[in-house]
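Reader: Please show the sequence and the model. I should then like to question you on strand pairing, helix packing and the chain interface.

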Amino acid sequence: MFNYLKYILSVPRKFILTWAIAPALYFLLLPLAFANDSVESLLIDTQKEAFRGMSENETLMNFVGISDWDNVFTLEGMVTTYFLSLFGIILVAVATIVLLNKMGAKAEEDGTFEFVASLPMTRSTVYLTQSIVAVLFGLFITFTWTNIMYIPMATMELSQTLDYVPLMKSTLMAGLAGVSFGVLGFALGAYTGKSSYAWGFGAGLMAIEWISNSLSGTNDLFLWIDNNISSFGAYGDPYQEGLIGADLTLVLGKIVIFLIIGFIGFRKRSLNLR
Amino acid sequence: MIEIQNLTMKYKNGKGVTDINLHISEGEVKGLLGPNGAGKSTTMRSFMGFLKPSSGKLEVNKINTLNNPVKAKEIIGYLPGDPQLPQNLNAKTLFKLGADMRSQSIDYAMDLAEKFDLDVTPTIKELSKGNRQKAAIILAVLHKPKALILDEPTSGLDPFHQRTFFEIVGEFSNNGSSILLSSHIISEIEKISDSMAVLKDGEKIYDESYETFVNNAKEEGKELEDAFFEFYERKN
């Protein structure tokens, strides 16, 4: 298993590094926007006023992950209730689906999996190794992003800053939420051997839960989904409220159930080789 | 020893193979002949456990390849019909990973790379089709397997390196490995095989020693290729 893990990490190492570093560098803009009062005024206050009209439309705000207009223009709001509650989750899900497709369903379709399949490993070992990568990769990139974003907070005198431990709690919840979608994509790819299923189900569930989250104020069904099923809903506000057992259980439960579904399918089917 | 008994594997479209029986003794090289879609790759992939057959007993050295895949694959070397390798790694890294996953050293792989005149430093993406095929062949045999399943192994190799390949297969055969090798063309089988089996539309239509087929062709006063095509067309 260890050697297969080494193979999985060697083949897409550029992809892994790119996804770990590039978004982090881009999102460094968030803390640096609070470098001092004048930069904050230029970058933050101007935007806040320019888009104020948007704050009157709750659905639109929810759609882009904003629950509190004034709060989102603070560093805490930007990082923990805007970036991590929406875009971070989406990025983790997409990256996980792409990576695991490269190792799984897509690799079956393009033939690279035939080499792996000829090695002395059971399908259970292959699947278990891929599952570990699916979960840890999502968490790894999320923690890399927020830790890189934390560097200016720890080393510069910003006009606003964040506490490290609550930030890591938010990171964990965002990472797990993203992984829950990514893992569904991976699992359905493994179940069917078709990469289109990985995207259809992984991105499909994410879209449904995102829309439910956006429209939760308008409809009881969406509200119920957001409260009881949605990984976006489960994110909550971990920076202020810490990790909540029920939310963690929901997301971890989804991950485990999806992985079991994929395992059942992957063990019993023929490989989808071209 | 490779044993395939009553193998039936059907795809959703109804194609596949039906009731295939093959026996390859230690040191024997069996050529598996047939045109595209005859069932050669399906037979080989079923034997490797990639496809789930509806029936059949598949064994290598009395180890069931479906029930005991780890032990079986430890002693099998498999070359796919269209080998696709990770594009961004170079051959040496790939050999190292392949050797590590089989708890082997890379030495034999590097010896073979030298025999094949394969530069192991460029990435797979940068290699020509023939050189990629060489890398795939080396990956298939670097653990000195007791059984070899080779799906169209000379595809893309130039005549010089085809000869090197046949020498390597000959060495494995002399050391007692059982070898199943597929091809479209009988002249390729001629160079290396002790026996040959022919598949048509997923069914085995011939399984004898290579010599028997050659003698029959001679008796009929026909060229080998012509005799083979006529035989193939006659079988319905």
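**Strands of chain B**

Reader: Which residue in E10(B) stands opposite B:Leu199?

Author: E10(B) holds the residue that stands opposite B:Leu199. This is a predicted model, in which local features need pLDDT of at least 70, side-chain atom pairs count only at pLDDT 80 or more, and totals for chains, interfaces and linings use all residues. Residues are numbered from 1 along each chain as its sequence is written, while chains are lettered from A and ligands numbered from 1 in the order in which they are written. In that numbering, the residue opposite B:Leu199 is B:Lys204.

Reader: Which residue in the turn between E9(B) and E10(B) has a positive phi?

Author: Strand E9 (residues 195–200) and strand E10 (residues 203–209) of chain B pair in the antiparallel sense over six bridges (pairing requires at least two DSSP bridges). The two strands form a hairpin with two residues between them. The turn residue with a positive phi, of about 50 degrees, is B:Asp201.

Reader: In the open sheet of four strands in chain B, which strands stand at the edges?

Author: The sheet follows the order E2-E1-E4-E5, with antiparallel pairing (strands are DSSP runs of E of at least two residues, and helices are runs of H or I of at least four, each numbered from the N terminus). An edge strand has a single partner strand, so one side of it is left without a neighbour in the sheet. The strands in this position are E2 (16–24) and E5 (63–64).

Reader: Which residue of E2(B) stands opposite B:Ile2?

Author: Strand E1 (residues 2–10) of chain B is joined to E2(B) by six bridges, and the two run antiparallel. Opposite B:Ile2, E2(B) places B:Ile24.

Reader: At what angle to E1(B) does helix H1 of chain B run?

Author: Helix H1 (residues 40–48) of chain B lies across E1, E2 and strand E4 (55–60) of that chain. With axes taken as lines fitted to C-alpha atoms, for helices over the stretch in contact, and angles running from 0 to 180 degrees between N-to-C directions, the value relative to E1(B) is about 110 degrees.

**Helix packing in chain A**

Reader: How are H10(A) and H16(A) oriented relative to each other?

Author: Helix H10 (residues 123–155) and helix H16 (residues 245–268) of chain A pack at about 150 degrees, with their axes 10 Å apart. Angles over 145 degrees count as roughly antiparallel. The two helices are therefore roughly antiparallel.

Reader: By class, which residues has the contact of H10(A) with H16(A)?

Author: From H10(A), residues including A:Tyr127 and A:Val135 meet residues of H16(A), among them A:Leu259 and A:Phe263 (contact means that C-beta atoms, placed from the backbone, lie within 7 Å). Sorted by class (Ala, Val, Leu, Ile, Met, Phe, Trp, Tyr, Cys and Pro nonpolar; Asp, Glu, Lys and Arg charged; the others, Gly among them, polar), the contact has six nonpolar, three polar and two charged residues.

Reader: How far apart are the axes of H10(A) and H11(A)?

Author: The contact brings A:Gly138 and A:Leu139, among others in H10(A), to residues of H11(A) that include A:Gly175 and A:Gly178. Its residues divide into 13 nonpolar, eight polar and no charged. The helices pack at about 145 degrees, and their axes are apart by 8 Å.

Reader: How far apart are the axes of H11(A) and H12(A)?

Author: Residues in H11(A), among them A:Gly182, A:Gly185 and A:Gly189, meet residues in H12(A) that include A:Ala198 and A:Gly202. This contact has 11 nonpolar, six polar and no charged residues. Helix H11 (residues 164–192) and helix H12 (residues 195–214) of chain A pack at about 150 degrees, with an axis separation of 7 Å.

**Chains and interface**

Reader: Which element gives the most to the side of chain A that touches chain B?

Author: In total, 22 residues of chain A are in contact with 23 residues of chain B. Helix H1 (2–10) and helix H9 (113–117) of chain A are the elements that give two or more residues to that side. The element giving the most, with five residues, is H1(A).

Reader: What is the radius of gyration of chain A?

Author: Chain A has 16 helices and zero strands. The globule rule (2.2 Å times the number of residues to the power 0.38, set against a radius over C-alpha atoms) gives 19 Å for 274 residues, and the chain's value is close to that, so chain A is as compact as a globular protein of that length. Its radius of gyration is 20 Å.

Methods
Parallel < 35°, antiparallel > 145°, perpendicular 65-115°, else oblique. Contact = placed C-beta atoms within 7 Å.
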